[in-house]
Amino acid sequence: MIKKVGILFGMEDTFPWAFIDKVNELGAGKIIAEPVKIDKLQQGIDYGYSVIFDRISQEVPFYRAYLKNAALQGTAIINNPFWWSADEKFFNNALALKLGVPVPKTVLLPSKERPDNTTATSFRNLEAPLDWDYMFEHIGFPAFMKPHDGGGWKNVYKVKSPEDLWEKFAETEQLVMMLQEEIIFEDYYRVYSIGQKYVHIMPYAPDNEPHLRYETTPKTTGAAHTKLMKTIKDYTLRLNKALGYDFNTVEFAIRDGVPYAIDFCNPAPDADVNSVGQENFDWVVEHVAKYAIEKAKAHKAGHDNTSWGTFVKEAIAPAPARKNKTTLKTAAEAKKSVKKEPIAKKKAPAKAKPKAIKVNTVKAKAAAKSDSIEKKVATKKTATKKATVKKATPKK
Ligand SMILES: Nc1ncnc2c1ncn2[C@@H]1O[C@H](COP(=O)(O)OP(=O)(O)O)[C@@H](O)[C@H]1O
Ligand SMILES: [Mg+2]
């Protein structure tokens, strides 16, 4: 039977067509690619795609819902729309710490303006004032302030001082902003990650004009460069296996030879030939097409073909299905080890798992940690605090 691969996309105009052509070439008539066609969306209906490559549902909620329905019918979606809906950068950073991947020091700020349909009483759990002194001392200045679920360089601010921060914070309305240590880097890379196994490391100059950002060379050379590339590949795979992304980019700023992951929540990464350049474009088209073919071949009709990262899998899989908690498996390896059953026959596990114990331990650890932060902070409060905090308290 011929299998169908669909691509869902928006304004971009080079990558989708090249992807379709490449899949059709590699699919040799057995796997065919086309733009996803939608003339209606009825609950519970399978619209016939084995694989859908999603480039746009972050901007079109109707498409996100289309994809979740398709996933339920058995379509393999690149990337998993459920996880993508749940994910954001602050969580990603916290997960990176658990995975041993260096990230800049980061705190999260409540939005400047109250979310719609909330009142002052919606915020009784927030201390007033917040502990700005601690946050400023921990992060330092200059710092980066950016939305926790942003992308495309929108509302990314570099702030030089608390005063500068208040000024820029005032423009952020209901956005939830991360305040992050600036990594002053000697070298910088942007990395494509496909299927949690194909990795392509590109030297990147974020300070250049957008069309020249990929026109640069590595600043690290010799043995240090070889070692750095190995580390970057390792960190890229660690992050994407845990998150479960089949297509993503990870940015690394290199400081004193250490790669810090800056941005790794790009499930629809830029792949336009005019920005990434011909060579990177050819690589990415080739490898996403190859991966889409692999997914189409692995697709089993009537089964759940959704792939999840190890963060979720390890939280829900019965213990025997796991080899080793610290082993980050590829989607293919995981598939081999977990016997799949048709969706309709899935049953809830008979017994409660040791998960509860794990969660408690994690909670206890977190509580102990936050305790110690509180203690440290308690000694650092100063008289300037009230004045600074006034400006940032959600609007009354
Ligand atoms: N902590 C940081 N240190 C140094 N540069 C940063 C930092 N955070 C962001 N940047 C710069 O800002 C750019 C945009 O930030 P990023 O987190 O990638 O947001 P977006 O997802 O909107 O692109 C990055 O490519 C990088 O050049
Ligand atoms: Mg970015």
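Let me begin with how the chain folds back on itself: among contacts in the protein chain between residues at least 6 apart in sequence, 73% join residues at least 24 apart. What we are looking at is a predicted model, and I would ask you to keep that in mind throughout. The protein chain has 13 helices and twelve strands, and of its 396 residues, 30% count as buried.

To make that opening number concrete, take Ile-31, which sits in strand 2, residues 31-35. Ile-31 and Ile-293 are 262 residues apart in sequence, and yet from C-alpha to C-alpha they are 7.2 Å apart in space. If we set aside residues up to four places away in sequence, Ile-31 touches Lys-3, Val-5, Val-23, Ile-293 and Ala-296. Is Ile-31 buried or exposed? It is buried, because 22 other C-beta atoms lie within 10 Å of its own, where 20 or more are needed for that label.

Now to the sheet that I would like to spend most of my time on. Four strands form an open sheet in the order 5-8-6-7, and the pairing is antiparallel. At the edges stand strand 5, residues 106-109, and strand 7, residues 157-159; each has a single partner strand, so one side of each is left without a neighbour in the sheet. From one strand to the next, the twist averages 25°.

Let us walk across the sheet in that order. Strand 5 and strand 8 pair in the antiparallel sense over four bridges, and here Leu-109 has Met-177 of strand 8 as its bridge partner. Strand 8 is then joined to strand 6 by five bridges, again with the two strands running antiparallel, and in this pairing Phe-144 has Gln-180 of strand 8 as its bridge partner. Finally, three bridges join strand 6 to strand 7, also antiparallel, and there Ala-143 stands opposite Val-159 in strand 7.

Two helices pack on this sheet. Helix 5, residues 132-139, touches strand 5, strand 6 and strand 8, and its direction makes about 45° with that of strand 8. Helix 6, residues 162-169, touches strand 6 and strand 7, and its direction makes about 150° with that of strand 7. As for strand 8 itself, four of its five residues are buried, so this strand is largely enclosed by the rest of the structure.

Some of the backbone deserves a careful look as well. As a reminder, most residues other than glycine have a negative phi, and most peptide bonds are trans. Against that background, the peptide bond from Ala-128 to Pro-129 is cis, with omega near 0°, and Pro-129 is found in the loop between strand 5 and helix 5. The peptide bond from Phe-141 to Pro-142 is likewise cis, with omega near -5°, and Pro-142 lies in the loop between helix 5 and strand 6.

Which residues other than glycine have a positive phi? One of them is Gln-196, with a phi of about 55°, placed in the loop between strand 9, residues 187-194, and strand 10, residues 198-203. Another is Asp-256, with phi near 50°, in the loop between strand 11 and strand 12. Their surroundings can be set side by side: Gln-196 is buried, because 30 other C-beta atoms lie within 10 Å, whereas Asp-256 is exposed, because it has 7 other C-beta atoms within 10 Å.

That brings me to the ligand. Where does ligand 1 lie with respect to domain 2 and domain 3? Domain 2, made up of 88-102, 188-266 and 308-346, and domain 3, made up of 105-182 and 356-396, both give residues to the shell around ligand 1, so the ligand lies between them. Of the 18 residues around ligand 1, those that come nearest are Pro-104, Phe-144, Ile-183, Pro-206 and Asp-263. The elements that give two or more residues to this shell are strand 6 (143-147), strand 8 (177-181), strand 11 (247-255) and strand 12 (258-263). By class, the shell has eight nonpolar, four polar and six charged residues.

To close, I would return to Phe-144, which we met as the bridge partner of Gln-180 in strand 8, and which is also one of the residues that come nearest to ligand 1.

Definitions and conventions. Residues are numbered from 1 along each chain as its sequence is written. Chains are lettered from A and ligands numbered from 1 in the order in which they are written. This is a predicted model: local features need pLDDT of at least 70, side-chain atom pairs count only at pLDDT 80 or more; totals for chains, interfaces and linings use all residues. A residue is near a molecule or strand if its C-beta atom, placed from the backbone, lies within 6 Å of it. Ala, Val, Leu, Ile, Met, Phe, Trp, Tyr, Cys and Pro count as nonpolar, Asp, Glu, Lys and Arg as charged, and the others, Gly among them, as polar. Domain bounds come from an automatic or database domain assignment. Two strands pair if DSSP finds at least two bridges between them. Axes are lines fitted to C-alpha atoms, for helices over the stretch in contact, and angles run from 0 to 180 degrees between N-to-C directions. Two residues are in contact if their C-beta atoms, placed from the backbone, lie within 7 Å. A residue is buried if 20 or more other C-beta atoms lie within 10 Å of its own, exposed if 12 or fewer, and partly exposed in between; C-beta atoms are placed from the backbone.
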